[in-house]
Amino acid sequence: MATDVAVRAVKLVREYPRRDGTRILAVDCLTMSIAYGQVFALIGPNGAGKTTFIKMCSTLVTPTSGTLVVNGFDVNREDAEVRRTVGVQLVNRRALYWKLTALENIEFFAALHGMSAKECRRRAAELLPLMGLERQAGERVETFSGGMMQRLMICVALLHTPRLLLLDEPTAGLDPVTASDLRYHIKQFARDGSAVVVATHNMSEAEDIANNVAMIGQGKLVAYGTPSQVRALYGPTLAEAKFSGDTSGLDAALGIFPHLSLQPHGVGAVTARFSADQDLERVAATIRVRLTDTGSPATLEELNLRKPNLDDIFIHYTSAKKAQQ
Ligand SMILES: Nc1ncnc2c1ncn2[C@@H]1O[C@H](COP(=O)(O)OP(=O)(O)OP(=O)(O)O)[C@@H](O)[C@H]1O
Ligand SMILES: [Mg+2]
């Protein structure tokens, strides 16, 4: 079926049963779409639901409710078509056959996709050098380093030239040069017209490669847009203030600042982040007045003003203690 979006999720839900009979809401009423020709970064803390979303898009896990259409095919009713048109790399290295060589793994997965031997050879000759594995083509996977396995899993995901490529933490465990090389290929793949979904914990990677970013927290969409739209939360200037001493009253003292989040560090140290104007002295003076007015014994140790980045946005949405907006 012709479609202009690679992924359309509407009120998508996935629950997992717990042993005690209750349920984990891994993906909770998620509505979003992913267009062709773009790299889409999925970010969020451990357990947010990123991998579950990727698994649903590749039919490895079925949705509990809601709609999920991938490359124009419904994941429930047209799962074979979905599998034919998506490529997926998951964190699990056991997805490869360790007793087989790299090339034999590629041949095995090519056969599953119904590719001819000739087509498989052509793709292997393209992909193995692309991922820097041409010299290891005849080596058994059990002799590979973690990064080499990761690169081979990406070769396998790309084998049938999918219209949607799903990558779960693709650069985790890769050396910086290989990771940067892979980021280049991810962008190239999207420029060629496919959609690429990348789950990552690396915020500078998300800023670098993504046209759009979705931040997920407890299965829900908490922020969405281009990296600069997502970063716009704080405005042009973010204040980062470090406090020591009794910091229990900081919430009340600093609650006047927009987008306040408080992050504890060890015993009695807290970093506060909030939107601020660009005058360091003025911000410091306001903080001191507020500490006095609210009777807070906390001490302001350090104050910096800077341009916010995606790390700050991530911390804002996931910090343990956050002032109500
Ligand atoms: N097979 C499973 N059975 C039961 N619960 C599961 C299963 N897979 C995932 N979960 C739960 O679903 C939630 C979402 O997990 P998921 O792996 O999707 O998160 P994630 O965002 O990929 O996290 P991470 O950053 O750690 O990879 C978590 O609470 C997790 O414990
Ligand atoms: Mg995961």
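Which strand is joined to β3 by 4 bridges, and do the two run parallel or antiparallel? In this predicted model, β3 is joined in that way to strand β8, residues 195-199, and the two strands run parallel. Within this pairing, valine 39 has valine 196 of β8 as its bridge partner. Strand β3 is also joined by 4 bridges to strand β9, residues 212-217, and this pairing is again parallel. Here phenylalanine 40 stands opposite asparagine 212 of β9.

Strand β3 itself spans residues 39-43, and 5 of its 5 residues are buried. In a regular strand, side chains alternate between the two faces of the sheet. In β3, Val39, Ala41 and Ile43 point one way, while Phe40 and Leu42 point the other way. Both sets of side chains belong to buried residues.

Phenylalanine 40 leads from the strand pairings to the aromatic contacts. The model contains 5 aromatic pairs. One of them is formed by phenylalanine 40 and tyrosine 224, whose ring centres are 6.1 Å apart; the planes meet at 45°, so the pair is classed as tilted. This pair links distant parts of the chain, since phenylalanine 40 belongs to β3 and tyrosine 224 to strand β10, residues 220-225, with the two positions 184 residues apart in sequence numbering. The two partners can be described by their accessibility: phenylalanine 40 is buried, with a relative accessible area of 0%, whereas tyrosine 224 is partly exposed at 39%.

A further tilted pair consists of tyrosine 97 and phenylalanine 109, with ring centres 6.2 Å apart and planes at 40°. Tyrosine 97 lies in the loop between β6 and α3, and phenylalanine 109 lies in helix α3, so the pair ties together parts that are 12 residues apart in sequence. Tyrosine 97 is partly exposed at 41% relative accessibility, and phenylalanine 109 is buried at 15%. Together with Phe108, these two residues form one aromatic cluster. Elsewhere, a ring is met by a charged side chain: arginine 163 lies over the face of tyrosine 36, at 3.9 Å from the ring centre.

The nonpolar interior can be considered next. The largest nonpolar core has 37 residues, and those touching the most other members are Ile106, Leu128, Leu133, Leu152, Cys155, Ile186 and Val196. At least two residues of this core come from each of α3, α4, α5, β7, α6 and β8. Helix α5 supplies the largest share, 9 residues. The contacts of isoleucine 106, leaving aside residues up to four places away in sequence, are with Cys120, Ala124, Leu128, Leu152, Cys155 and Leu159. A second, separate core comprises 31 residues, including Val7, Met56, Val61 and Val197.

The cysteines complete the account. A disulfide is a covalent bond between the sulfur atoms of two cysteines. How many disulfides does the model contain? The count is 0. For cysteine 29, the nearest cysteine sulfur is that of cysteine 57, 16 Å away; because a disulfide requires sulfur atoms within 2.5 Å, cysteine 29 is in no disulfide. Cysteine 29 is partly exposed, with a relative accessible area of 43%. Cysteine 120 is likewise in no disulfide, and its nearest cysteine sulfur, that of cysteine 155, is 11 Å away. Cysteine 120 counts as buried, at 6% relative accessibility.

Methods. Residues are numbered from 1 along each chain as its sequence is written. Chains are lettered from A and ligands numbered from 1 in the order in which they are written. This is a predicted model: local features need pLDDT of at least 70, side-chain atom pairs count only at pLDDT 80 or more; totals for chains, interfaces and linings use all residues. Side-chain values use heavy atoms; hydrogens and water are left out. Buried means under 20% relative accessible area, exposed over 50%, partly exposed in between (1.4 Å probe, protein chains only). Two strands pair if DSSP finds at least two bridges between them. Rings of Phe, Tyr and Trp (its six-membered ring) pair if their centres lie within 6.5 Å; planes under 30 degrees apart count as stacked, over 60 as edge-to-face and the rest as tilted. A charge sits over a ring if NZ of Lys or CZ of Arg is within 6 Å of the ring centre and within 35 degrees of the ring normal. A nonpolar core is a set of buried Ala, Val, Leu, Ile, Met, Phe, Trp, Tyr and Cys residues joined through side-chain atoms within 4.5 Å. Contact means heavy atoms within 4.5 Å.
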